[in-house]
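Reader: Please take me through this model, one label at a time. I would like the reasoning behind each term.

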Amino acid sequence: MLEKDPRTFSPEYKNLSPEQKAMVKLEISLTRFFRSFDESVRRWERMIYPAMIILGLLGLSGFYLIYHVTKDMHSMSQSFDPAMESNMAKMSRNVSQLSGNIAIMTEQINLLVKNVQNMDHNIAKMNGTMGEIAVSFNKVNDSMDMLTGDISQMRGDTGHMAERIESMDASIQNVTEDIGAMKNDIRVMTINTGLMGRDMRQMNKPMRAMNSFMPW
């Protein structure tokens with residue numbers, strides 16, 4: 001591109017030093033850059049200025065339309081409800097009350113969240129307590145196992161005691177039979193004693209008779 005410039009073919013250019021030739025080439029490059037930049041700026045000016053005018057017209061037409069739409073809406077509202085302004089004021093008051101109620105609900109929701117957090121904390125404590133209860137149940141199960149072993153041992157001892165009680169029952173039955181036999185013997189002795197007493201009374205009669213005849 002630089003070789004096509006007429007200044008590079010002049011005799012003065014050939015007699016220049018390398019630094020001067022570099023400066024000439026830089027000047028040529030900058031000249032071409034500014035020329036192309038100027039052309040591009042002019043091209044953009046031809047595009048931007050009409051676009052700005054069109055956008056300005058569109059903005060003015062938009063404001064015009066907004067003004068007429070607002071005016072038409074006002075006239076429509078007046079035709080629909082003449083007391084729309086008062087109703088809008090009431091609506092604004094209701095909206096303010098609603099915002100106050102929403103603020104109160106927000107506070108209540110915050111309190112509810114705090115309560116839920118407290119419940120979570122209590123549930124965590126309950127989980128810890130349940131763990132301790134589980135440990136206690138394990139200890140109780142161990143104690144029950146030991147108690148079951150003791151009961152099994154007691155059952156074995158009870159079996160031995162039952163055998164001993166049976167032997168004692170047999171001995172008691174034998175003693176009872178012996179006592180019954182003794183009662184029979186005592187009854188027989190009582191009968192015999194009665195008979196002896198009767199015989200002695202009968203013997204006393206002749207003795208009293210003999211004593212009456214022989215007092216000595």
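**Reasons behind the labels**

Author: Start with phenylalanine 33, which sits in helix α2. Keep in mind that this is a predicted model.

Reader: Why does phenylalanine 33 count as partly exposed?

Author: Its relative accessibility is 48%. Buried requires under 20% and exposed over 50%. The value for phenylalanine 33 falls in between, so the residue counts as partly exposed.

Reader: How many aromatic pairs does the structure hold?

Author: The structure holds two aromatic pairs. Phenylalanine 33 and phenylalanine 34 make an edge-to-face pair, with 5.6 Å between centres and 65 degrees between planes.

Reader: What makes the pair of phenylalanine 33 and phenylalanine 34 edge-to-face?

Author: Two cut-offs decide it. Centres must lie within 6.5 Å, and planes over 60 degrees apart count as edge-to-face. At 5.6 Å and 65 degrees, phenylalanine 33 and phenylalanine 34 meet both, so the label follows.

Reader: And why is the pair of phenylalanine 33 and phenylalanine 37 called stacked?

Author: The ring centres of phenylalanine 33 and phenylalanine 37 are 6.3 Å apart, with the planes at 20 degrees. Stacked needs planes under 30 degrees apart, and the centres are within the 6.5 Å limit, so this pair is stacked.

Reader: Where do phenylalanine 33 and phenylalanine 37 lie along the chain?

Author: Both belong to helix α2, residues 18-80. They are four residues apart, about one turn of the helix. Phenylalanine 37 has 48% relative accessibility, so it counts as partly exposed.

Reader: Which residues do the ring pairs link into a cluster?

Author: Phe33, Phe34 and Phe37. These residues also help make a nonpolar surface patch of about 640 Å², together with Met23, Leu26 and Leu30.

Reader: How many salt bridges does a search of the whole structure find?

Author: It finds one salt bridge. The side chains of arginine 42 and aspartate 38 meet there, at 3.4 Å from N to O.

Reader: Why is the contact of arginine 42 and aspartate 38 called a salt bridge?

Author: The test asks for a side-chain nitrogen of Lys or Arg within 4 Å of a carboxyl oxygen of Asp or Glu. The contact of arginine 42 and aspartate 38 is at 3.4 Å, so it passes. Being four residues apart in helix α2, these two are separated by about one helical turn.

Reader: Are arginine 42 and aspartate 38 buried, exposed or partly exposed?

Author: Arginine 42 is at 48% relative accessibility, and aspartate 38 is at 35%. Both values fall between the cut-offs of 20% and 50%, so both residues count as partly exposed.

Reader: What does the record say about residues 47-67?

Author: The unreviewed UniProt entry annotates residues 47-67 as "transmembrane region". In the model, that span is 100% helix and 0% strand, and its end C-alpha atoms lie 30 Å apart.

Reader: How many helices and strands are there in the protein?

Author: Three helices and zero strands. Along the sequence the pattern is α-α-α. Of the 216 residues, 3% count as buried.

Reader: Where is confidence lowest, and where is it highest?

Author: Confidence is lowest in helix α1, residues 11-14, at a mean of 72. It is highest in α2, at 82. The protein averages a pLDDT of 77, and 82% of the residues score at least 70.

Terms used:
Residues numbered from 1 in each chain as written. Predicted model: local features only at pLDDT ≥ 70, side-chain atom pairs only at ≥ 80, totals over all residues. Heavy atoms only, no water. UniProt positions renumbered as here; feature names shortened; annotations may be inferred. Phe/Tyr/Trp six-rings, centres within 6.5 Å; stacked < 30°, edge-to-face > 60°. Buried < 20%, exposed > 50% of the residue type's maximum accessible area, 1.4 Å probe, protein only. Patch = residues over 30% accessible without salt bridge, like charges linked within 9 Å, V, L, I, M, F, W, Y side chains within 5 Å. Areas by Shrake-Rupley, 256 points an atom, 1.4 Å probe, with all protein chains shown as cover. pLDDT = per-residue confidence, 0-100.
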